[in-house]
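Please look over the sequence and the model shown below before reading on. The report moves from the whole chain to one strand, its partners and a single residue.

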Amino acid sequence: QVQLVESGGGLVQPGGSLTLSCVASGNSFSFDAMGWYRQAPGKQRELVALINVIGGPNYGDSAKGRFAISYGYATNTVNLKMNMLKPEDTAVYYCNAKRMRAPGPLDYWGQGTQVTVSS
């Protein structure tokens with residue numbers, strides 16, 4: 001059974017930085033992409049950043065220029081370095097892993113980690 005375990009959320013002041021980490025386990029196949037989505041209260045879940053193993057990273061508009069995603073293939077780990085955080089970045093951040101090839105398409109989600117940006 002695939003599990004995604006997130007860590008690194010918390011409270012940070014505006015302009016500060018935070019790094020989220022996600023470790024995947026239980027998969028008998030490699031993922032084609034891993035990344036992060038977020039959901040703020042009353043809003044839809046949105047893409048923050050996704051890294052394709054072959055194609056490279058994709059960032060949501062809110063993350064461009066401020067966030068950096070990295071992927072450790074050997075360790076099944078995806079990290080999100082968030083800089084210049086703003087109050088509007090406050091949300092629950094979810095780790096995501098995708099397998100597009102057979103036996104997929106498959107989509108896995110972590111439990112979520114809260115990020116709060118406030119003074």
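## Surface and overall form

Accessible areas come from the Shrake-Rupley method with a 1.4 Å probe. By that method, the accessible surface of the protein chain in this predicted model comes to about 6,200 Å², and carbon and sulfur atoms account for 51% of that surface. Of the 119 residues in the protein chain, 41% are buried.

The protein chain contains 11 strands and 0 helices, and read along the sequence its pattern is therefore written as β-β-β-β-β-β-β-β-β-β-β. The radius of gyration of the protein chain is 14 Å, close to the 14 Å that the globule rule gives for 119 residues, so the chain is as compact as a globular protein of that length. Taken along the principal axes, the box filled by the C-alpha atoms of the protein chain is roughly 45 × 25 × 25 Å. Among the contacts in the protein chain with a separation of 6 or more, 55% are between residues 24 or more positions apart.

## Strand E3 and its two faces

Strand E3, which spans residues 18-25, has two faces that can be told apart by their cover. Leu18, Leu20, Cys22 and Ala24 form the covered face, whereas Thr19, Ser21, Val23 and Ser25 form the uncovered one.

## The partners of E3

Which strands are joined to E3 by bridges? One is strand E1, residues 3-7, which is joined to E3 by 5 bridges, the two strands running antiparallel. In this pairing, Gln3 stands opposite Ser25 in E3, and Ser25 belongs to the uncovered face of E3.

Another is strand E8, residues 77-82, which is joined to E3 by 6 bridges and also runs antiparallel to E3. Here Ser21 has Asn79 in E8 as its bridge partner, and Ser21, like Ser25, is on the uncovered face of E3.

## Thr77 in strand E8

Thr77 lies in strand E8. Is this residue buried or exposed? Buried means under 20% relative accessible area, and Thr77 counts as buried because its relative accessibility is 14%.

A polar atom of the side chain of Thr77 lies 3.1 Å from the backbone oxygen of Thr75. Not counting residues up to four places away in sequence, Thr77 touches Cys22, Val23, Ser70, Tyr71 and Gly72. Two of these names return us to strand E3, where Cys22 is on the covered face and Val23 is on the uncovered one.

How values were computed. Residues numbered from 1 in each chain as written. Predicted model: local features only at pLDDT ≥ 70, side-chain atom pairs only at ≥ 80, totals over all residues. Heavy atoms only, no water. Buried < 20%, exposed > 50% of the residue type's maximum accessible area, 1.4 Å probe, protein only. Helix = DSSP H or I, 4+ residues; strand = E, 2+ residues; numbered from the N terminus. Pairing = 2+ DSSP bridges. Polar contact = N/O pair within 3.5 Å; in protein donor to acceptor, adjacent residues only side chain to side chain. Contact = heavy atoms within 4.5 Å. Rg over C-alpha atoms; globule rule 2.2 N^0.38 Å.
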